[in-house]
Amino acid sequence: MARRIVVLISGTGSGMTAIADACSGDRLDAVVAGVLADRSCAGLELAAGRGLRTRIVDPADYPSRSEWNRALAGEVGALEPDLVLLAGFMRVLGPVFVDAFPRRLINIHPSLLPAFPGAHAVKEALEAGVKVTGTTVHLVDHEVDHGPILLQEPVRTQPGDTETTLHARIKEVEHVVLVEACRMMLSGDLDAGGAGAAGSRLHQDA
Ligand code: GRF
């Protein structure tokens, strides 16, 4: 049976599109079982346009953050995911959600973590004057933008870069890295691609 990926987004959904494209072609032996967002966004429209199942779970519709986390975990769990991917999901998830998907929840972040965690990673990298930044895919733990690192790829900054130009080049790399990270997670091939530490921690946890 095809492995099932659920993608959580908040924005343009270019990472979600890269995964859906890889699933439609032969680069990823999986299906996108659903795309969920915390708000209406362009990525959700793209997903719906491709015939994917979509759903908004807006924190404003719940009395508390933990109720929202519970509802979101319920919606995602109902899709029976083998892998849950945070691809530009701009809300912090609490333990109720994170603990519902042990060793199945990954995030992509536009910096070489642990440098520049948080919502302004690309801007902060530029402001810091770094010559190299990049992208990280990691397993999600209870801290923001933190957890065993699966894959990282560097991206060089260029003279005259703006947040927009640099983020666009990072996203190009992210779209390749994301597919590889999903492939690794779904195949259990966690020692590939430099994910040795994450892999061994995962195996110990299993
Ligand atoms: C990506 O750069 C990802 O690393 C970050 O948010 C961005 C999402 O972009 N977490 P998109 O919505 O997939 O285009």
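**Note on a predicted model: helix H3, cores, ligand site and cysteines**

1. Start with Asn69. Setting aside residues up to four places away in sequence, Asn69 touches Leu93, Gly94, Val96 and Phe97. Asn69 lies in helix H3. Its relative accessible area is 4%, so it is buried. Keep in mind that this is a predicted model.

2. Glu67 belongs to helix H3 as well, which covers residues 65–78. Is Glu67 buried or partly exposed? Its relative accessible area is 34%, so Glu67 counts as partly exposed. Buried would mean under 20%, and exposed over 50%. Ala47 is 20 residues from Glu67 in sequence. In space, the two C-alpha atoms are 26 Å apart.

3. Next, the nonpolar cores. The largest has 34 residues. Which members touch the most others? They are Ile5, Ile19, Leu28, Leu85 and Ile106. Helix H6, residues 163–187, gives the most to this core, with 8 residues. A second, separate core has 19 residues. Leu72, Val84, Val98 and Phe101 are among them. As a rule, nonpolar side chains in soluble globular proteins tend to be buried together.

4. Look at Ile19 in detail. Neighbours within four places in sequence are left out here. Ile19 is in contact with Ile5, Leu28 and Val32. Its contacts also include Leu85, Leu178, Val179 and Cys182.

5. Now the ligand. Which residues are around it? Gly11, Thr12, Gly13, Ser14 and Gly15 are among them. So are Gly88, Ile108, His109 and Pro110. His167, Lys171 and Glu174 are also around the ligand.

6. Three residues place an N or O atom by a ligand oxygen. For Thr12, a side-chain N or O atom is 2.5 Å from an oxygen atom of the ligand. Glu174 has a polar side-chain atom 2.5 Å from a ligand oxygen atom. Gly15 uses its backbone: an N or O atom there lies 2.9 Å from an oxygen atom of the ligand. How much of the ligand does the protein bury? Taken alone, the ligand exposes 370 Å², and the protein buries 90% of that.

7. Last, the cysteines. How many disulfides does a search of the whole structure find? The count is 0. For Cys23, the nearest cysteine sulfur is that of Cys182, 7.4 Å away. A disulfide needs the two sulfur atoms within 2.5 Å, so this pair does not qualify. Cys182, in turn, has the sulfur of Cys23 as its nearest. Cys23 is buried, with a relative accessible area of 15%. Cys182 is buried too, at 0%.

Note on methods
Residues numbered from 1 in each chain as written. Predicted model: local features only at pLDDT ≥ 70, side-chain atom pairs only at ≥ 80, totals over all residues. Heavy atoms only, no water. Core = buried A, V, L, I, M, F, W, Y, C linked by side-chain atoms within 4.5 Å. Buried < 20%, exposed > 50% of the residue type's maximum accessible area, 1.4 Å probe, protein only. Helix = DSSP H or I, 4+ residues; strand = E, 2+ residues; numbered from the N terminus. Contact = heavy atoms within 4.5 Å. Near = heavy atom within 4 Å. Polar contact = N/O pair within 3.5 Å; in protein donor to acceptor, adjacent residues only side chain to side chain. Areas by Shrake-Rupley, 256 points an atom, 1.4 Å probe, with all protein chains shown as cover.
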